[in-house]
Amino acid sequence: MANKKTTTSFKSTEDLARTLGFTKAEAELIAMKGTVIGQLDKERERRGLNNTEFAALLDIPKSRWSNIFSSPEKATLDYLLTLAAKCGTMFKLTKKVA
């Protein structure tokens with residue numbers, strides 16, 4: 001008998017992280033990192049750069065840029081914000097009201 005696959009949907013990355021057992025603070029941090037990484041990649045695409053060219057723009061090795069996608073937990077939020085600032089993207093962090 002074939003295994004039946006099921007799919008679960010989540011409203012946000014934060015909801016997924018909470019379901020996986022992360023604390024609320026950890027889940028918010030994961031969501032923020034995902035937002036910054038996504039914006040960086042959009043900026044790369046907007047500029048028409050490949051990953052090697054974009055890494056050079058950020059003044060980091062291409063392997064480091066690749067690792068950000070494959071292991072985002074190894075990049076701190078402040079590091080990601082520094083990379084965003086290097087290409088002119090700024091973020092304003094706000095506190096959510098419960």
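This report covers the fold, the surface and one backbone feature of a predicted model.

**Fold.** The chain is helical in its regular elements: five helices and zero strands. From the N terminus, the order reads α-α-α-α-α. The C-alpha trace spans about 50 × 45 × 25 Å along its principal axes. The radius of gyration is 16 Å, whereas a compact globule of 98 residues would have one near 13 Å. Of the contacts between residues at least 6 apart in sequence, 49% link residues at least 24 apart.

**Surface and charge.** Buried residues make up 26% of the 98 in the chain. The exposed area comes to about 7,300 Å², and 54% of that is supplied by carbon and sulfur atoms. Side chains carry charge of both signs: 17 are positive and 11 are negative. The centres of these two sets lie 4 Å apart.

**A backbone feature at D59.** Most residues other than glycine have a negative phi. D59 has a positive one, near 65°, and is not glycine. Where does D59 lie? D59 sits in the loop between α3 and α4, which cover 51-58 and 62-70. Is D59 buried or exposed? Its relative accessible area is 64%, and exposed means over 50%, so D59 counts as exposed.

The whole-chain values are collected here.

| Property of the chain | Value |
|---|---|
| Radius of gyration | 16 Å |
| Span of the C-alpha trace | about 50 × 45 × 25 Å |
| Exposed area | about 7,300 Å² |
| Distance between charge centres | 4 Å |

Key. Residues numbered from 1 in each chain as written. Predicted model: local features only at pLDDT ≥ 70, side-chain atom pairs only at ≥ 80, totals over all residues. Heavy atoms only, no water. Helix = DSSP H or I, 4+ residues; strand = E, 2+ residues; numbered from the N terminus. Rg over C-alpha atoms; globule rule 2.2 N^0.38 Å. Buried < 20%, exposed > 50% of the residue type's maximum accessible area, 1.4 Å probe, protein only. Contact = heavy atoms within 4.5 Å. Areas by Shrake-Rupley, 256 points an atom, 1.4 Å probe, with all protein chains shown as cover. Lys, Arg positive; Asp, Glu negative; His and termini not counted. Charge placed at Lys NZ, Arg CZ, Asp CG, Glu CD.
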